[in-house]
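Thanks for making time this morning. I'll walk through one structure, starting with a term and then going from the salt bridges to the sheet.

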Amino acid sequence: MKKTALMAWLTALVLACALGAQEEPQVEVLQLAKTTASWDGRALAAYPQGQPEITISRVVVPPGVKLPWHKHPVITAGVVLKGQLTVVTDQGERLHLKAGESIVEVFQKWHQGSNDGDEPTEIVVFYAGVEGTPIVIPRDEQ
């Protein structure tokens with residue numbers, strides 16, 4: 001009888017642990033981009049010599065707004081957190097991004113972005129440059 005009672009108790013304990021046990025929260029890593037090329041297929045430029053400088057910006061583009069023509073003299077990547085963004089180069093190449101999607105931006109190539117949606121677009125952009133180098137060059141400052 002003692003053996004049966006012990007087995008019943010162990011079975012109940014195992015069931016209670018299995019049913020009531022909650023898994024510990026796990027860290028989740030989702031790689032958004034890993035590439036050697038920008039979204040237009042061109043190879044990324046070599047990093048220039050000098051003191052590295054990383055800039056991270058949160059950009060909010062209101063609905064209906066078109067950004068001015070510009071280019072980046074540094075490697076640039078971003079993630080759309082909210083909304084949508086369409087990027088167009090002066091050569092007619094086009095990329096449409098939605099929330100959750102990433103972009104490795106074109107390098108030294110004129111382009112502009114626009115928010116054609118009805119909510120603000122929020123994007124976090126990472127610039128990998130060299131101290132003293134601008135991260136954005138507007139077209140009118142050639």
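First, the term. I call a residue buried under 20% relative accessible area, exposed over 50%, and partly exposed in between. Keep in mind that this is a predicted model.

Now apply those cut-offs to D90. Its relative accessible area is 37%, so D90 is partly exposed. D90 forms a salt bridge with R139, and the closest N and O atoms are 3.1 Å apart. This pair links distant parts of the chain. D90 sits in the loop between β4 (84–89) and β5 (94–98). R139 is in the segment after β9 (137–138), 49 residues apart from D90. R139 is partly exposed too, with a relative accessible area of 30%.

How many salt bridges does a search of the whole structure find? Five. Let me take another one.

K109 and E93 meet through their side chains, at 2.7 Å from N to O. K109 is in the loop between β6 and β7 (111–114), while E93 is in the loop between β4 and β5. They are 16 residues apart, and again the pair links distant parts of the chain. K109 has a relative accessibility of 7%, so it counts as buried. E93, at 25%, counts as partly exposed. There is a third member here: salt bridges that share partners join D40, E93 and K109 into one network.

On to the sheet. Which strands form it, and in what order? The order is β1-β8-β3-β6, four strands in an open sheet with antiparallel pairing. β1 (52–61) and β6 are the edge strands, each pairing on one side only. Neighbouring strands are turned by 15° against each other on average, ignoring direction.

Let's go across the sheet, pair by pair. β1 and β8 pair antiparallel over 10 bridges. V61 has T121 in β8 as its bridge partner. Next, β8 (residues 121–130) joins β3 (residues 75–82) through seven bridges, also antiparallel. There, T76 stands opposite Y127 of β8. Last, β3 pairs with β6 (residues 102–104) over three bridges, antiparallel once more. A77 has V104 in β6 as its bridge partner.

Back to T121 for a moment. Is T121 buried or exposed? Its relative accessibility is 0%, so it counts as buried. The T121 side chain makes a polar contact with the side chain of N115, at 3.0 Å.

One more salt bridge belongs with this sheet. E122 pairs with R58, with the closest N and O atoms 3.0 Å apart. E122 is in strand β8 and R58 in strand β1, 64 residues apart, so to speak two distant parts of the chain linked. The two ends differ in exposure: E122 counts as buried at 16% relative accessibility, whereas R58 is exposed at 56%.

I'll finish on the surface. I54, I56 and F126 form a nonpolar patch there. Together they have about 310 Å² of accessible area. I54 lies in strand β1. With a relative accessible area of 59%, I54 is exposed.

To recap: a four-strand open sheet in the order β1-β8-β3-β6, five salt bridges, and a surface patch of I54, I56 and F126. Thanks, I'm happy to go back to any of these.

Conventions: Residues numbered from 1 in each chain as written. Predicted model: local features only at pLDDT ≥ 70, side-chain atom pairs only at ≥ 80, totals over all residues. Heavy atoms only, no water. Pairing = 2+ DSSP bridges. Axes fitted to C-alpha atoms, helices over the stretch in contact; angles between N-to-C directions. Patch = residues over 30% accessible without salt bridge, like charges linked within 9 Å, V, L, I, M, F, W, Y side chains within 5 Å. Areas by Shrake-Rupley, 256 points an atom, 1.4 Å probe, with all protein chains shown as cover. Salt bridge = Lys/Arg side-chain N within 4 Å of Asp/Glu carboxyl O. Buried < 20%, exposed > 50% of the residue type's maximum accessible area, 1.4 Å probe, protein only. Polar contact = N/O pair within 3.5 Å; in protein donor to acceptor, adjacent residues only side chain to side chain.
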